[in-house]
Amino acid sequence: MTETVGAVLTRPVVDAGAARDVLRERWSIDGELRALPSERDRNFAVAVDGVDRYVLKISNATEDASFIEMQHAAMRRLSGAGVPCQLPVPTPAGQEAIGIRFGAEPPHLVRLLTWLPGRPLATVPADARPRELLEDLGRTMGRTAAALRGFDHPAARRTFQWEASQGLGVIDAHAAAVTDRRRHDLLAAWRGRLASLAEVLPRLRVSVIHNGANDHNVLVSDDRRAVSGLLDLGDAVWSVTVNELAVAAAYAALDAPDPLAVISAVRTGFERELALTADESGVVLDLVALRLCTSVALSAHQSSLAPDDPYLTVSEAPAWALLDRLDRGTGA
């Protein structure tokens, strides 16, 4: 079973009632739960006295306890560096993750995280995002990358489909799932253009990175001028450091009137916190395209596994459109 197939088929099947029982029994918290979207896990917002306070996360059955431990250690490191991220909330017994069996399912690790204020970047129209916000997104991710340099954990050293050095192989493995002829040809053109990354990536700096700053994992303030939260370390991995910038820029540029200007603004903010090397500077746009190509290839594959789940294909159409614009060289 591939990682992609496993993530979809081993996602927890847990309703809000069962999740609320766990919250009461293990954390002694009585709250109202509502489901949140997730590709691999089952997440619930927890409101206490009508105010959102926590996120209850029920991890995929394939999740390893050491990976949860790594995420929590990274959260504490990021928080200490001024990155607005969630923190684990231990039970009264001091546990940060608990194995729970729901019905006949295998055990799932359950944990409680703090709630962060703000609205997802995805809810702010691309043409209503000021440059100030885009640069702050870059600063947030640059601060994240800088904070995680020197941080390591065995669980981060994993083979992962969203890791940059795996991208070309993942795209090749799933390109056949793209059945639309025009899209198939566009992806083939990008596969040819990105082939040189195989030689460049080994020369770049490496570190643990967040690797998942998509427009649903980035929260912004009500005035739309700053990032108020960075969610979900579930994609964290040992990878090329500059991909932290490329991932954030790729998703921020979706549907943008001038995607190249968006990428430039995010990069400007990033470099205020962590300057790029010459080699890294030369591959930013290629890594943006690599993330987009990986996304559309996996979307085509995943949609055959769970065709009724809109979260799995939420970025597919805008990603194809952006790839087309970047292929034409101007982004316009």
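These are my notebook entries on a predicted model, from its overall build down to a few single residues.

**Overall build**

I began with the fold as a whole. The protein has twelve helices and ten strands. I then looked up the radius of gyration: a compact globule of 332 residues would come out near 20 Å, and the 19 Å of this protein agrees with that. Along the principal axes, the C-alpha trace spans about 55 × 40 × 35 Å.

Next came burial and surface. I noted that 54% of the 332 residues count as buried. The exposed area is about 13,600 Å², and carbon and sulfur atoms supply 50% of it.

I also checked how far along the chain the contacts reach. Among contacts with a separation of 6 or more, 75% are between residues 24 or more positions apart.

**Cavities**

How many cavities of 30 Å³ or more does a search of the whole structure find? I got two.

The largest cavity has a volume of about 60 Å³. I listed its lining as Gln161, Trp162, Glu163, Ala164, Gly167, Asn243, Leu287, Leu290, Arg291 and Thr294. Helix H5 (164-174) and helix H11 (284-303) are the elements that each give two or more residues to this lining. H11 gives the most, with four residues. Sorted by class, the lining of the largest cavity has four nonpolar, four polar and two charged residues.

The second largest cavity has a volume of about 50 Å³. Here I found Met75, Leu78, Cys85, Gln86, Leu230, Leu231, Asp232 and Leu233 along the wall. By class, that lining has six nonpolar residues, one polar and one charged.

**Asp232 and Asn211, two positive phi values**

Asp232 had already turned up in the lining of the second largest cavity, and I went back to it for its backbone. Most residues other than glycine have a negative phi. For Asp232, however, phi is near 65°, a positive value. I placed Asp232 in the loop between strand E9 (227-230) and strand E10 (237-240).

Asn211 also caught my eye, with a positive phi near 70°. Asn211 sits in the loop between strand E7 (206-209) and strand E8 (218-220).

Is Asn211 buried or exposed? Asn211 counts as buried, because its relative accessibility of 0% is under the 20% cut-off. Asp232 counts as partly exposed, because its 26% lies between the 20% and 50% limits.

**Arg143**

I found Arg143 in helix H4 (residues 131-148). Its relative accessible area is 23%, so I wrote down Arg143 as partly exposed. Which residues does Arg143 touch, not counting those up to four places away in sequence? My list reads Ala81, Gly82, Val83 and Glu273. I also took the C-alpha separation of Arg143 and Glu271, which is 9.4 Å for two residues 128 apart along the chain.

**Asp279**

My last stop was Asp279, in helix H10 (residues 278-281). With a relative accessible area of 32%, Asp279 is partly exposed. Leaving out residues up to four places away in sequence, I noted that Asp279 touches Arg203 and Leu204. Leu204 is 75 residues from Asp279 along the chain, yet their C-alpha atoms are separated by 6.7 Å.

Terms used: Residues numbered from 1 in each chain as written. Predicted model: local features only at pLDDT ≥ 70, side-chain atom pairs only at ≥ 80, totals over all residues. Heavy atoms only, no water. Buried < 20%, exposed > 50% of the residue type's maximum accessible area, 1.4 Å probe, protein only. Contact = heavy atoms within 4.5 Å. 1 Å grid on protein atoms, 1.4 Å probe; cavity = no way out; pocket = protein on both sides within 12 Å on 5 of 7 lines; lining within 4 Å. Points joined across faces, edges and corners; volume = space filled by probe spheres on them. Nonpolar A, V, L, I, M, F, W, Y, C, P; charged D, E, K, R; others polar. Rg over C-alpha atoms; globule rule 2.2 N^0.38 Å. Areas by Shrake-Rupley, 256 points an atom, 1.4 Å probe, with all protein chains shown as cover.
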